[in-house]
Amino acid sequence: TMVDQSIKEAYPFLISNVFGMYHLLEYVRSLRGLKKMIAVSTDEVYGSVEFEKFREWDRLKPGNPYSATKAGADLLALSYQNTFGLPLSIVRTCNVFGPKQHAEKLIPTAIRHALEGTSLPVYGDGKHSRSWIFVDDFVDGIVFLIDRGEAGEIYHLAGETDIENLALLDKIESLVGKKLRKAFVADEVARPGHDRRYGIDCSKVLAMGFSPSVGFDDGLKRTFEFYRDNGEWLNPSGQSVKR
């Protein structure tokens, strides 16, 4: 799910997201009595947006290899739903965060650098904006749509917080109690074609009765406390980070 990795080499993302979806769909076709399939997608398939938020019917305009393969997977899934009548719906979500997330992601990476006192690369001017949803809310949303979602429909799941990367790092500094050293790296070097802002409108699921229950600050605090107490999760090698 890492955009940077897809820019370095797109092929594994084609295998995982496009061909992976194909094999799942073919397997699902062979099942009898299947009641629901949820395909998890991303807000990145719409591309960047300056102010407004995308709705489920808006045009897809992915801006990097990762999001392009996710868009391809979405279209393939919807084509199978239409052609073969699969009980499939798609969920597009924003950035999910929480305990036990892979160490390469932004929040655990920033926590690690803050704890170690090492320099964190910040892409561009640091004002790229993302929406976030706590992992418990995301899972609850999936369960909700397993029960309430309809075949052939697309649903958005996102938290209520849109925040620029620098503002997010400020919050992490406050939790860690240490100043985070930042090394600004030009977008064209760090992430060519870097999308400025993502935004998805969640009116559809809100009207159905679902809304996130964990606020961003509370979720971030819980996430920090987990990594603080379980340092091995911050290092893919399994070694605890230095404090």
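Which strands and helices do the buried residues of helix 4 pack against? Keep that in mind while you load the model, which is a predicted one.

**Stop 1: helix 4**

Select residues 106-116, which make up helix 4. This helix is mostly covered, with nine of its eleven residues buried. To see them, show side chains for Ile-107, Pro-108, Thr-109, Ala-110, Ile-111, Arg-112, His-113, Ala-114 and Leu-115. Now for the opening question: these buried residues pack against strand 3, strand 4 (120-123), strand 5 (129-134), helix 6 and helix 9. Color those five elements separately before you go on.

Just past the end of the helix, click on Gly-117, which takes a positive phi of about 75 degrees.

**Stop 2: helix 4 against helix 6**

Add residues 165-176, helix 6, to the view. The axes of helix 4 and helix 6 come within 10 Å, and they cross at roughly 50 degrees. The two helices are therefore oblique to each other, and their crossing is right-handed.

Now pick out the residues that touch:

- From helix 4, select Leu-106, Ile-107, Ala-110, Ile-111, Ala-114 and Leu-115.
- From helix 6, select Asn-165, Leu-168, Leu-169, Ile-172 and Val-176.

Color this contact by residue class and you get ten nonpolar residues, one polar and no charged.

**Stop 3: helix 4 against helix 9**

Keep helix 4 on screen and bring in helix 9, residues 216-229. Here the axes come within 11 Å and cross at roughly 55 degrees. That makes helix 4 oblique to helix 9, and once again you can look for the hand of the crossing: it is right-handed.

On the helix 4 side, the contact is made by Ile-107, Pro-108 and Ile-111. Their partners on helix 9 are Leu-220, Thr-223, Phe-224 and Tyr-227. By class, this contact has six nonpolar residues, one polar and no charged.

While you are here, highlight Ile-107 and Ile-111. Both take part in the contact with helix 9, and both are also in the contact with helix 6.

**Stop 4: helix 6 against helix 9**

Hide helix 4 and look at the other pair. How far apart are the axes of helix 6 and helix 9, and at what angle do they pack? The axes are 10 Å apart and the angle is about 50 degrees. That makes helix 6 oblique to helix 9, with a right-handed crossing.

Select Leu-168, Lys-171, Ile-172, Leu-175 and Val-176 in helix 6. They meet Phe-216, Asp-217, Leu-220, Lys-221 and Phe-224 in helix 9. This contact brings in some charge: it divides into seven nonpolar residues, no polar and three charged.

Several side chains should look familiar. Leu-168, Ile-172 and Val-176 of helix 6 also sit in the contact with helix 4, and Leu-220 and Phe-224 of helix 9 do so too.

**Stop 5: past the end of helix 9**

Follow the chain into the segment after helix 9 and stop at Gly-231. Gly-231 is buried, with a relative accessible area of 4%. For a sense of distance, draw a line to Gly-152: the two are 79 residues apart in sequence and 42 Å apart in space, C-alpha to C-alpha.

**Stop 6: the loop before helix 4**

Go to the loop between strand 3 (95-97) and helix 4, and select Lys-100. Lys-100 has a positive phi of about 70 degrees although it is not a glycine. Most residues other than glycine have a negative phi. Lys-100 is exposed, with a relative accessible area of 53%.

**Stop 7: two cysteines**

How many disulfides does the structure hold? The count is zero. Select Cys-94, and you will find its nearest cysteine sulfur, that of Cys-202, 7.1 Å away. Cys-94 counts as buried at 6% relative accessibility, and Cys-202 is buried as well, at 11%.

**Stop 8: Tyr-46**

Finish in the loop between strand 1 (37-42) and helix 3 (65-84), where Tyr-46 is found. Is Tyr-46 buried or exposed? At 2% relative accessibility, it counts as buried.

Leaving aside residues up to four places away in sequence, Tyr-46 touches Phe-54, Arg-55, Glu-56, Asp-58, Arg-59, Leu-60, Lys-61, Arg-92, His-156 and Ile-200. Last, check the C-alpha atoms of Tyr-46 and Ala-68: they are 22 residues apart along the chain and separated by 9.5 Å.

Terms used:
Residues numbered from 1 in each chain as written. Predicted model: local features only at pLDDT ≥ 70, side-chain atom pairs only at ≥ 80, totals over all residues. Heavy atoms only, no water. Axes fitted to C-alpha atoms, helices over the stretch in contact; angles between N-to-C directions. Helix = DSSP H or I, 4+ residues; strand = E, 2+ residues; numbered from the N terminus. Parallel < 35°, antiparallel > 145°, perpendicular 65-115°, else oblique. Left-handed = near helix turned anticlockwise from the far one by under 90°. Contact = heavy atoms within 4.5 Å. Nonpolar A, V, L, I, M, F, W, Y, C, P; charged D, E, K, R; others polar. Disulfide = S-S within 2.5 Å. Buried < 20%, exposed > 50% of the residue type's maximum accessible area, 1.4 Å probe, protein only.
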